[in-house]
Amino acid sequence: MTFSQISKNEFIEHCKLVSEKSFFQSLEMGELLTKRGYDVRFVGYRDSSSTIVISSLVFCKKMFGGLYMELNSGPVVSDNSYLDKFFHSLRDYAKHEGVLELVVKPSQTYQTFDSNGQPLGFEDTHLIEMLTKNDFQYDGLQTGYPNGEPVWHYVKDLEGITEDTLVSSFSKKGKVLSKKANSFGLNITRLTKDELPRFKAITEATSNRRDYTDKPLEYYQDLFDTFSDRADFLIASLNLTTYLDLLHSQEDKLKKIAENLVQDLSINPKSRKKGNELREIESQIESFEQRKQNAEQLINKYGTSDIDIAASLFIYTKQELVYLFSGSLEEFSSFYAPIILQEFAMKKAIKKSIKFYNFLGITGLFDGSDGVLRFKQNFNGYILRKPGTFHYFPHPVRYKIIQVIKKIVFTLTGK
């Protein structure tokens with residue numbers, strides 16, 4: 001039984017054996033990290049027959065006095081009984097390689113919750129106990145996005161769902177929003193690399209509005225190159241002239257229905273059912289008048305060209321569909337464009353026989369403050385809580401001395 005660096009091909013072959021694996025643990029992510037300046041390595045643990053039973057991508061970067069090493073969203077496990085030995089060996093490997101800080105962010109689930117945050121199972125403390133026994137320092141269970149990383153994941157099982165039954169699997173509100181979003185004549189486009197500035201324009205506008213830092217365009221371009229056809233940079237666009245024509249057509253249909261109801265009521269004026277139906281149709285006609293006025297105002301402001309109003313990036317792997325980045329223009333929020341982007345990606349995943357969809361992060365707060373959670377709840381999934389972040393310091397004395405020196409330098413120079 002041995003721990004060692006392994007080849008890319010060995011890592012790929014081991015990944016084929018497992019049904020659950022994060023997109024982060026992939027050759028493509030390794031290539032992306034390499035392009036972003038990281039030293040990427042693949043490590044594995046073999047059983048007595050020299051079969052790889054645990055593998056992982058780890059990445060390193062230089063830090064003052066040594067290396068920083070991280071294992072993110074892993075490891076890839078085909079035999080859990082070797083996890084303890086793997087982490088013990090990883091710790092020793094980091095020390096041998098001159099690592100000052102080793103960070104582990106496991107993909108294993110700590111606890112499962114329903115869509116509203118109610119526990120569905122017990123807390124699994126086994127991994128936390130294992131890592132702390134191996135001298136890893138634990139940040140503890142957290143909410144929010146500690147160090148920008150999601151530790152609460154909203155997910156949905158796609159097994160047994162077809163393209164035709166997808167919408168019926170949504171929540172009650174999600175079904176209504178899907179119907180509305182699909183009535184506006186929105187178009188979905190899969191962008192080419194040259195078109196990525198359109199994606200960046202949406203995500204940057206969103207990050208400025210919500211006060212977080214967007215990825216640079218170069219990052220999206222590198223991701224496009226490395227993931228290739230496994231990544232969809234999608235744009236939802238709106239043509240206001242087409243939308244206005246659609247409103248006129250839909251309103252004309254409602255008016256004909258209203259005329260028929262009026263005729264029915266002239267014959268049977270006491271029909272409560274027909275009267276209620278007429279009031280509902282008249283209310284809808286009033287809303288169409290308002291929407292037509294809004295559309296004309298938008299045409300006066302933006303003209304008749306297509307407008308990009310929402311964008312999302314999805315990653316497709318054998319094990320999962322992942323919702324990675326997104327953005328939308330607040331002025332067009334009433335068109336619910338992110339809903340149809342989600343539908344597009346899920347239907348594609350179903351065609352690819354992908355059984356699991358990871359919407360990624362929510363805050364883990366269920367007090368109504370998390371708007372991202374409210375959006376994802378429309379799709380009627382459930383929640384996985386990850387254990388969080390662990391740190392190991394192979395050379396603790398040297399690490400502490402370096403931290404003191406850095407603090408002194410910062411105090412003196414402000415840098």
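These legends walk you through a few views of one predicted model.

**Figure 1. Here is the whole protein chain, built from 12 helices and 16 strands.** Measuring along the principal axes, the C-alpha atoms fill a box of roughly 90 × 50 × 40 Å. The chain has 415 residues, and 49% of them count as buried. If you take the contacts between residues at least 6 apart in sequence, 76% join residues at least 24 apart. The accessible surface is about 21100 Å², and carbon and sulfur atoms account for 50% of this area. As for charge, you will find 54 positive and 53 negative side chains, with the centres of the two sets lying 1 Å apart.

**Figure 2. Welcome to a close-up of Phe11 and Phe42, an aromatic pair that is tilted.** In general, a pair of aromatic rings is described by the distance of the centres and the angle of the planes. The model counts 30 aromatic pairs. For Phe11 and Phe42, the ring centres are 4.8 Å apart and the planes meet at 40 degrees; planes under 30 degrees apart would count as stacked and those over 60 as edge-to-face, so this pair is tilted. Phe11 belongs to helix H1 (residues 8-15), while Phe42 belongs to strand E2 (residues 39-46). The two residues are 31 apart, and the pair links distant parts of the chain. Are these two residues buried or exposed? Both Phe11 and Phe42 are buried.

**Figure 3. Next comes the stacked pair of Phe359 and Phe379.** Centre to centre, these rings are 5.6 Å apart, with 25 degrees between their planes. Look for Phe359 in strand E14 (residues 356-362) and for Phe379 in the loop between helix H11 (371-377) and strand E15 (382-385). Because of these places, the pair ties together parts that are 20 residues apart in sequence. Phe359 and Phe379 are both buried.

**Figure 4. A step back from that pair shows a cluster of rings.** Which residues belong to the cluster that ring pairs link? Its members are Tyr154, Phe170, Tyr357, Phe359, Phe375 and Phe379. You have already met two of them, Phe359 and Phe379, as the stacked pair of the previous view.

**Figure 5. The last views show charged side chains over aromatic rings, beginning with Arg291 and Phe288.** The charged end of Arg291 sits over the ring of Phe288, at 4.6 Å from the ring centre. In another view, Lys352 lies over the face of Tyr316, and here the distance to the ring centre is 6.0 Å.

Notes:
Residues are numbered from 1 along each chain as its sequence is written. This is a predicted model: local features need pLDDT of at least 70, side-chain atom pairs count only at pLDDT 80 or more; totals for chains, interfaces and linings use all residues. Side-chain values use heavy atoms; hydrogens and water are left out. Rings of Phe, Tyr and Trp (its six-membered ring) pair if their centres lie within 6.5 Å; planes under 30 degrees apart count as stacked, over 60 as edge-to-face and the rest as tilted. Helices (H or I, at least four residues) and strands (E, at least two) are DSSP runs, numbered from the N terminus. Buried means under 20% relative accessible area, exposed over 50%, partly exposed in between (1.4 Å probe, protein chains only). A charge sits over a ring if NZ of Lys or CZ of Arg is within 6 Å of the ring centre and within 35 degrees of the ring normal. Contact means heavy atoms within 4.5 Å. Accessible areas come from the Shrake-Rupley method with a 1.4 Å probe; for residues, only the protein chains shown count as cover. Lys and Arg count as positive and Asp and Glu as negative; His and the chain ends are not counted. The place of a charge is taken as NZ of Lys, CZ of Arg, CG of Asp or CD of Glu.
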